[in-house]
Amino acid sequence: MFHPDGPTFLELMKQALASTERGYDMIAPKFDHTPFRTPGEVLGPMVGVIGEVRSALDVCCGTGAAMRVLRPHCTERVVGIDFSQGMLDEARRRLADAPGDARVELVRGDALELPFDDEFDIVTSVGAFGHVLPEDEDRFVAGIARALVTGGRFVFVTAEAPTVGSRGWWMSHGFNAVMRVRNAVLSPQFIMYYLTFLWPDVHALLERHGFDVAVKRGLCPAPYGRAIVVIATKR
Ligand SMILES: C[S@@+](CC[C@H](N)C(=O)[O-])C[C@H]1O[C@@H](n2cnc3c(N)ncnc32)[C@H](O)[C@@H]1O
C-alpha cells in the first residue's frame with residue numbers, strides 16, 4: 001500500500017481487526033516499510049538534544065528505530081520495551097549492526113506496567129502515544145518517572161493540535177471516530193487514536209508526575225516542521 005515491500009491494504013485491515021499486540025505481530029516484518037516507523041528526520045533532532053548518557057530506555061520500541069539512533073549516545077546500555085514479540089524479533093535483527101558500543105537489551109512488556117526503578121538517564125517514546133488511552137496516561141507517565149533517575153529526562157516529540165476544520169483535523173477526528181465504533185463493536189480492541197499527548201495539554205500531565213518541562217521547536221526539517229521536542233526532567 002505505501003511501499004512495494006510494505007503491508008497491503010488487506011494486511012492493514014487484518015491488523016486493525018486484531019488486538020493491538022497481535023496486530024503488530026502480524027505486520028512486524030513489513031513495519032519498517034510503513035510511514036508508522038518514526039523517520040530519521042524526527043529521531044535525529046530528538047536524540048540530538050540528549051548528549052552523552054550512561055543509559056536510555058525506549059518505550060514501545062517497535063523495530064528499534066529510536067534505539068539505533070540512541071545507542072551511540074549511551075556508554076552502558078540501551079533498552080527497548082514493547083509488548084509485541086514480532087516487533088522485538090525484528091528489532092533484534094535490525095539492531096545487530098547498530099552503531100555504538102552500549103549493551104542492547106530488548107524486553108517484552110507492557111508500557112503501562114514498566115518494570116524499571118530509578119535506572120535510566122533518558123527515556124524516549126516515539127510513534128506510540130496513540131496507543132495510550134487518555135485514562136491510562138497517568139499510569140504511563142508514572143512508570144516513566146519511576147524508571148528515570150533523579151535528574152533523568154523523558155524526551156519525546158509531539159505537536160500542537162491541528163487547526164479546527166483543517167485537513168489534518170478532519171482526518172484525525174474521522175479516523176478516531178471509526179476506531180471508536182470498531183472498538184465498541186469488536187473485541188479484542190485495537191487501541192490507536194490520533195491527537196493524543198499534544199502540546200500544551202501534556203505539560204500539566206508531566207508536571208503532575210514531578211517533571212520540569214522545556215520544549216524546543218523548529219528542530220525537525222519539513223515536512224515535520226510542526227514537531228515539538230519535549231524535554232521533561234525528573235525533579
Ligand atoms: C507505531 S509502532 C512505533 C514503533 C517505534 N517506536 C517507531 O517509532 O518506529 C507502536 C509500537 O508500540 C507498541 N505498543 C503499543 N501499545 C503497547 C503497550 N501497551 N505496551 C508495549 N508496547 C506497546 C506496539 O507493539 C508497536 O511496536
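**Exercise 1. Strand pairing around β7**

Task: Determine how many bridges join β5 to β7 and in which sense the two strands run. Then do the pairing of β6 with β7.

Solution.
- Step 1. β5 and β7 run antiparallel and are joined by six bridges.
- Step 2. Fix the register with one residue pair: R153 stands opposite T233 in β7.
- Step 3. Turn to β6. Seven bridges pair β6 with β7, again in the antiparallel sense.
- Step 4. For the register here, take F211, which stands opposite K234 in β7.

The model is a predicted one.

**Exercise 2. β1 and its partner**

Task: State whether strand β1 (residues 53-59) is mostly covered or open. Find the sense in which β1 and β2 run.

Solution.
- Step 1. Count buried residues. Five of the seven in β1 are buried, so the strand is mostly covered.
- Step 2. Look at the pairing. β1 and β2 run parallel, with six bridges between them.
- Step 3. Pick a pair: L57 has V79 in β2 as its bridge partner.

**Exercise 3. Buried faces of two helices**

Task: List the buried residues of α3 (residues 40-48) and of α5 (residues 85-94). Decide how each set is arranged around its axis, and name what packs there.

Solution.
- Step 1. In α3, the buried residues are V42, L43, M46 and V47.
- Step 2. Their arc around the axis is only 115°, so they sit on the same side of α3.
- Step 3. The cover over these α3 residues includes α4, β4 (120-125), β5 (148-158) and β7.
- Step 4. In α5, the buried residues are M87, L88, E90 and A91.
- Step 5. Viewed down the axis of α5, they fall within an arc of 160°, so they line one face of the helix.
- Step 6. The packing partners of the buried α5 residues are α2 (20-27), α4 (65-70), β2 (74-82) and β3 (103-108).

**Exercise 4. The ligand shell**

Task: Describe the residues around the ligand by number, class and origin.

Solution.
- Step 1. The ligand is surrounded by 21 residues, and the closest are T38, C60, G62, S84 and G127.
- Step 2. Sort the shell by class: twelve residues are nonpolar, six are polar and three are charged.
- Step 3. Trace helices. α2 and α4 each give at least two residues to the shell.
- Step 4. Trace domains. Domain 1 (1-36) and domain 2 (41-159 + 198-234) each contribute at least three residues to the shell.

**Exercise 5. Where domain 1 touches domain 3**

Task: Give the domain assignment. Characterise the contact of domain 1 with domain 3.

Solution.
- Step 1. The assignment gives domain 1 (1-36), domain 2 (41-159 + 198-234) and domain 3 (161-196).
- Step 2. Over C-alpha atoms, the centres of domain 1 and domain 3 are separated by 18 Å.
- Step 3. Six residues from domain 1 and six residues from domain 3 take part in the contact.
- Step 4. On the domain 1 side, α1 (9-17) and α2 are the elements that give two or more residues.
- Step 5. That side has three nonpolar, three polar and no charged residues.

**Exercise 6. Unusual backbone geometry**

Task: Place the cis peptide bonds S187 to P188 and W199 to P200. Then examine the positive phi angles of C60 and F197.

Solution.
- Step 1. The bond from S187 to P188 is cis, with omega near 0°. P188 lies in the loop between α7 (167-185) and α8 (201-208).
- Step 2. The bond joining W199 and P200 is also cis, with omega about 10°. P200 is in the loop between α7 and α8.
- Step 3. F197 is not a glycine, yet its phi is positive, about 60°. F197 belongs to the loop between α7 and α8. It has 22 other C-beta atoms within 10 Å, so F197 is buried.
- Step 4. C60 is not a glycine either, and its phi is positive at about 65°. C60 sits in the loop between β1 and α4. C60 has 23 C-beta neighbours inside 10 Å and therefore counts as buried.

**Exercise 7. The setting of A227**

Task: Is A227 buried or partly exposed? Which residues does A227 touch, leaving out those up to four places away in sequence?

Solution.
- Step 1. A227 is located in the loop between β6 (211-217) and β7 (228-234).
- Step 2. The cut-off for a buried residue is 20 or more other C-beta atoms within 10 Å. A227 has 19 C-beta neighbours inside 10 Å, so A227 counts as partly exposed.
- Step 3. With that sequence exclusion, A227 touches V42, V157, A159 and C220.
- Step 4. A separation: the C-alpha atoms of A227 and H73 are 22 Å apart, and the two residues are 154 residues apart along the chain.

Note on methods. Residues are numbered from 1 along each chain as its sequence is written. This is a predicted model: local features need pLDDT of at least 70, side-chain atom pairs count only at pLDDT 80 or more; totals for chains, interfaces and linings use all residues. A residue is buried if 20 or more other C-beta atoms lie within 10 Å of its own, exposed if 12 or fewer, and partly exposed in between; C-beta atoms are placed from the backbone. Helices (H or I, at least four residues) and strands (E, at least two) are DSSP runs, numbered from the N terminus. The arc is that of the directions from the helix axis to the C-beta atoms. Two residues are in contact if their C-beta atoms, placed from the backbone, lie within 7 Å. A residue is near a molecule or strand if its C-beta atom, placed from the backbone, lies within 6 Å of it. Ala, Val, Leu, Ile, Met, Phe, Trp, Tyr, Cys and Pro count as nonpolar, Asp, Glu, Lys and Arg as charged, and the others, Gly among them, as polar. Domain bounds come from an automatic or database domain assignment. Two strands pair if DSSP finds at least two bridges between them.
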